[in-house]
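Here is a briefing on one protein chain. Look over the sequence and the structure first, then read the points by topic.

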Amino acid sequence: MQHHLPIKIELPEHFLDEETRDGYTISPLMKKVWAVEIDLLFEFVRICDKYGLKWYMGGGSMLGTVRHKGYIPWDDDIDLNLFRKDYDKFCEVARQELKSPYFFTDGTADKGVFRAYAQIYNSDTTCIMANSVCVKRSFNQGISIDIFPIDNVPEAEDERKKFTDAIEKKCSFCRWLYGHNGIYIPKTGEGFIRRTKHFAASVVARIVWPFLHKKCADTLFSLMRKYESDNSGKLIADLSMPPFLRRRLWERAWYAETVEMPFEWFIVNVPCGYDNWLTNHYGNWKQFEKGTALHLAAIYDPEKPYTEYTKNMNYEIP
C-alpha cells in the first residue's frame with residue numbers, strides 16, 4: 001500500500017494492509033499510526049544505543065511483545081521504560097539528537113499540559129485526544145510514544161506510602177497549574193456553574209504560572225529522585241502516573257537483565273522478570289480483553305500535521 005507517512009524507516013510489504021489478529025480487525029489507518037510510532041521507537045533506540053542506555057518495553061507494549069509478538073491488536077501506543085539515571089541522560093541528549101519533524105518533551109515545556117514523563121512526537125502527524133477537542137492547546141499534538149522513568153522507592157510500607165502520597169499531591173498541583181493554561185472553549189450545552197469554575201481557575205493559573213511552573217515541576221522531580229542513590233533496595237516503581245497503584249510497584253530483580261523478543265518485524269527488550277511484571281500489572285495476562293487498550297483519540301491523521309486541525313479549531317470529529 002502506498003503512503004505519504006513522514007517516516008524514515010522502510011515498512012515490510014503489506015504492513016499497512018487491513019489485517020485480522022486474534023479475532024480483531026486492524027484498519028489501514030491504525031496500521032499507519034503504528035508505523036509512525038515504530039519510526040519514533042527506532043529514533044529512541046538509536047539514541048539509547050549511541051549513549052549506552054538500557055531500555056525496556058513497558059506497559060501494554062510489554063504485554064504486546066510477550067503475548068502477541070507485536071502490538072496488542074487493539075492498542076494504539078508504545079510505552080517504554082528506563083531507570084532514572086539513563087532516563088535523565090536520554091532527556092539531556094534527546095533535544096540535540098532529534099530533528100524535525102521529531103519533537104522531544106520532558107512533559108513540562110508547554111502551558112495546557114503537564115506530564116511527569118517524556119514523549120517523542122512526530123510533528124507532521126495528528127493525534128488529538130478527546131479531552132482536548134474543546135481546549136485550544138499550545139503543546140504538540142502529533143502522534144507520540146511515551147517514555148517513563150523507573151525510580152527507587154522505600155521498602156517499608158509506611159515510609160513508601162508517605163513518599164508516594166507526597167508525589168501525588170505535587171503532581172496533581174502541577175497538572176492543575178499547567179492544564180488550566182489552555183484556552184477553554186465551552187462545550188455545547190455546558191452549564192453556567194461549570195463554565196464559571198473553569199474560567200476562574202484559568203485566570204488564577206495564568207496569574208501564578210510565570211512564578212510557579214518551573215519551581216513546581218523541579219520540586220516534584222527532585223522528590224521523585226529522593227532515593228536515587230540507593231540502588232540496593234528491593235523495590236522500584238513508576239511514580240509518574242498518579243494515583244500510585246500497587247501494580248506500579250515492582251521488584252528490582254525483575255529488571256536484573258534484559259531479554260530480547262520479537263515485536264512486529266524487529267527485536268526489542270523486555271525485563272527478564274516479564275512474567276512476574278505482567279501478572280502483577282494485569283493479573284491473568286494471557287487472557288484477552290479485546291478493545292481495552294485504546295486511548296480514545298478523537299482525531300488520528302498520520303499524514304497531516306496537527307496544526308492543520310488546530311489553527312482554526314473548527315474541525316469535525318469523525
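Start with Phe 266: its relative accessible area is 12%, so this residue is buried. The model is a predicted one. The points below move from aromatic rings to cysteines, then to a helix and some strands.

**Aromatic pairs**

- How many aromatic pairs are there? The count comes to 25.
- One of them joins Phe 42 and Phe 266. The ring centres are 4.9 Å apart, and the planes meet at 75 degrees. That makes the pair edge-to-face.
- Phe 42 belongs to helix α1 (residues 28-51), while Phe 266 belongs to strand β14 (residues 266-271). The two are 224 residues apart in sequence, so the pair ties together separate parts of the chain.
- Is Phe 42 buried or partly exposed? Its relative accessible area is 32%, so Phe 42 is partly exposed. Its partner Phe 266 is buried, at 12%.
- Trp 74 and Phe 288 form another pair. Their centres lie 5.9 Å apart and their planes stand at 65 degrees, so this pair is edge-to-face.
- Trp 74 sits in the loop between α2 (59-68) and β4. Phe 288 sits in the loop between α6 (274-282) and β15 (297-301). These residues are 214 apart, so the pair links distant parts of the chain.
- Trp 74 is buried, with a relative accessible area of 1%. Phe 288 is partly exposed, at 32%.

**A ring cluster and two charges**

- Ring pairs connect Phe 15, Trp 34, Phe 42, Tyr 71, Phe 263, Trp 265 and Phe 266 into a cluster.
- Phe 15, a member of that cluster, also has a charge over its ring. The charged end of Lys 31 sits there, 5.2 Å from the ring centre.
- Which ring lies under the charged end of Arg 115? It is the ring of Phe 139, with its centre 5.9 Å away.

**Cysteines**

- The structure has one disulfide. Cys 174 and Cys 216 form this link, with 2.4 Å from S to S.
- The angle about the S-S bond is -125 degrees, and the link is left-handed.
- Where do the two ends sit? Cys 174 is in helix α4 (residues 157-179), and Cys 216 is in helix α5 (residues 192-224). They are 42 residues apart, and the pair links distant parts of the chain.
- Both ends are buried: Cys 174 has a relative accessible area of 0%, and Cys 216 has 11%.
- Cys 48 is in no disulfide. The nearest cysteine sulfur belongs to Cys 91, 10 Å away. A disulfide needs the sulfur atoms within 2.5 Å, so that distance rules out a link.
- Cys 91 is in no disulfide either, and its nearest cysteine sulfur is that of Cys 48.
- Cys 48 is buried at 1% relative accessible area, and Cys 91 is buried at 10%.

**Helix α4**

- Helix α4 has 23 residues. At 1.5 Å a residue they should span 33 Å, and the end C-alpha atoms are 32 Å apart, so the two values agree.
- Its buried residues include Arg 160, Phe 163, Ile 167, Glu 168, Cys 171 and Cys 174.
- What do the buried residues of α4 pack against? They pack against β9 (143-152), α5, β11 (235-237) and β12 (249-251).

**Strand β4 and its neighbours**

- Strand β4 covers residues 79-83. Four of its five residues are buried, so β4 is largely enclosed by the rest of the structure.
- Strand β3 (residues 56-57) pairs with β4 in the antiparallel sense, over two bridges. Tyr 56 has Asn 81 of β4 as its bridge partner.
- β4 and β9 run parallel and are joined by five bridges. Asp 79 has Asp 146 of β9 as its bridge partner.

**Val 259**

- Val 259 lies in strand β13 (residues 258-263). Its relative accessibility is 25%, so Val 259 counts as partly exposed.
- Val 259 and Tyr 56 are 203 residues apart in sequence, yet their C-alpha atoms are 9.0 Å apart in space.
- Beyond its sequence neighbours up to four places away, Val 259 touches Val 268, Asn 269, Val 270, Pro 271 and Cys 272.

Conventions:
Residues numbered from 1 in each chain as written. Predicted model: local features only at pLDDT ≥ 70, side-chain atom pairs only at ≥ 80, totals over all residues. Heavy atoms only, no water. Buried < 20%, exposed > 50% of the residue type's maximum accessible area, 1.4 Å probe, protein only. Contact = heavy atoms within 4.5 Å. Expected span 1.5 Å × (residues − 1). Pairing = 2+ DSSP bridges. Phe/Tyr/Trp six-rings, centres within 6.5 Å; stacked < 30°, edge-to-face > 60°. Lys NZ or Arg CZ within 6 Å of the ring centre and 35° of its normal.
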